[in-house]
Amino acid sequence: MVKFHKKHGREGTIMVTKVEEPSKYGVVVYDETGKIDSFVEKPQEFVSNKINAGMYIFNPSILQRIECRPMSIEKEVFPFMARDGQLYAQELSGFWMDIGQPKDFLTGMCLYLNSCKINNSAKLYKGPGVVGNVLVDSSAKIGKNCRIGPNVTIGPDVVVEDGACIKRCTILRGATIRSHTWLENCIIGWKCIVGQWVRMENVSVLGEDVIVKDELYINGGMVLPHKSIAASVLEPKIIM
């Protein structure tokens, strides 16, 4: 990408990727050299099947286009760069997926862990009670008689107490999972505390610094940061 950017010599390069359903996205229209002509939001008629893959290279001169206020670079800067002939696209040759939704993030995590198994298996965690592909930061602490995996990532300073079961989850920095808790298909945010004998599943997500009291059931709950949950969540919902 750097080589391509230097070759065309303009102000910016964005990576694009091909999708099967371009009508779900904003698409990028460019010529055979890669020079971007326009951006079309969720086209109902086919104009392109290439979308912004979220990787950019810019020259420092782009700062002259950014005002001192909150701005969307995609909506308020890129169209004018394209108008001026200063923005080019390069197609991504490898795998790409959108992980903007929790369920897609977990799918992406599983794919990444499988890639680690194939390309760098030494990176994966091995230990008592570990099943399948698991990543554990060296600063994390895991108790006795736990089952971890398959498809789990455990971040820095996480504490998992005795007897916990964690499957297909991401546990972020500083979280604590109390003893005998069951987590499956969950994202546990920074500095959360999940109590004893809790069961969480069905793409439940905890924002930063959430406390889940003991012996609760969370079914698809999306909990915003800094909340304390003292009652079970029996149906998927957002807790604000």
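**Figure 1. Aspartate 84 and its salt-bridge partner in the predicted model.** Aspartate 84 has a relative accessible area of 36% and is therefore partly exposed. In this predicted model, aspartate 84 forms a salt bridge with arginine 65, and the closest N and O atoms of the pair are 3.1 Å apart. The two residues belong to distant parts of the chain, 19 residues apart. Aspartate 84 sits in the loop between helix H3 (78–83) and strand E5 (87–91), whereas arginine 65 occupies the loop between E4 and helix H2 (73–76). Arginine 65 is likewise classed as partly exposed, because its relative accessible area is 24%.

**Figure 2. Further salt bridges and a shared network.** The salt bridges come to 10 in number. One of them pairs glutamate 67 with arginine 69, with 2.7 Å between the closest N and O atoms. Glutamate 67 counts as partly exposed because its relative accessibility is 47%. For arginine 69 the corresponding value is 38%, so this residue also counts as partly exposed. Another salt bridge brings together the side chains of aspartate 104 and lysine 103, at 3.3 Å from N to O. Lysine 103, at 52% relative accessibility, counts as exposed, since the cut-off for that class is over 50%. Through salt bridges with shared partners, Glu11, Arg65, Arg83 and Asp84 are joined into one network.

**Figure 3. Surroundings of serine 48.** Serine 48 is located in the loop between strand E3 (36–41) and strand E4 (50–58). Its relative accessibility is 8%, so serine 48 counts as buried; the limit for this class is under 20%. Two polar contacts of the serine 48 side chain are shown, both to backbone atoms. In one, the side chain reaches the backbone oxygen of valine 28 at 2.8 Å. In the other, the side chain reaches the backbone nitrogen of lysine 50 at 3.1 Å. When neighbours within four places in sequence are left aside, the residues in contact with serine 48 are Pro22, Val27, Val28 and Val29. Valine 28 thus appears both among these contacts and as the residue whose backbone oxygen is reached by the serine side chain.

**Figure 4. The cis peptide bond at proline 150.** Glycine 149 and proline 150 are joined by a cis peptide bond, for which omega is about 5 degrees. Proline 150 is part of the loop between strand E8 (147–148) and strand E9 (152–154).

**Figure 5. Positive phi values at tryptophan 197 and valine 203.** Tryptophan 197 is a residue other than glycine with a positive phi, near 55 degrees. This residue lies in the loop between strand E14 (193–194) and strand E15 (199–201). Tryptophan 197 is classed as exposed because its relative accessible area is 52%. Valine 203, which is not a glycine either, has a positive phi of about 55 degrees. Valine 203 is placed in the loop between E15 and strand E16 (204–206). Strand E15 therefore borders both loops, given that helices and strands are DSSP runs numbered from the N terminus.

**Figure 6. A nonpolar surface patch that includes isoleucine 238.** Leu224, Ile238 and Met240 make a nonpolar surface patch of about 340 Å². Isoleucine 238 is found in strand E21 (residues 237–239). With a relative accessibility of 59%, isoleucine 238 counts as exposed. In the domain assignment, residue 238 is also the last residue of domain 2 (102–238).

**Figure 7. Overview of the whole protein, for orientation among the close-up views.** The protein is assigned two parts, domain 1 (1–91) and domain 2 (102–238). Taken over C-alpha atoms, the centres of domain 1 and domain 2 are separated by 36 Å. The C-alpha atoms fill a box of roughly 60 × 40 × 35 Å along the principal axes. The secondary structure consists of 4 helices and 21 strands. Of the 240 residues, 40% are buried. Among contacts with a separation of 6 or more, 27% are between residues 24 or more positions apart. The accessible surface comes to about 13,500 Å², and carbon and sulfur atoms account for 53% of this area.

Terms used: Residues numbered from 1 in each chain as written. Predicted model: local features only at pLDDT ≥ 70, side-chain atom pairs only at ≥ 80, totals over all residues. Heavy atoms only, no water. Patch = residues over 30% accessible without salt bridge, like charges linked within 9 Å, V, L, I, M, F, W, Y side chains within 5 Å. Areas by Shrake-Rupley, 256 points an atom, 1.4 Å probe, with all protein chains shown as cover. Salt bridge = Lys/Arg side-chain N within 4 Å of Asp/Glu carboxyl O. Buried < 20%, exposed > 50% of the residue type's maximum accessible area, 1.4 Å probe, protein only. Domains from an automatic or database assignment. Polar contact = N/O pair within 3.5 Å; in protein donor to acceptor, adjacent residues only side chain to side chain. Contact = heavy atoms within 4.5 Å.
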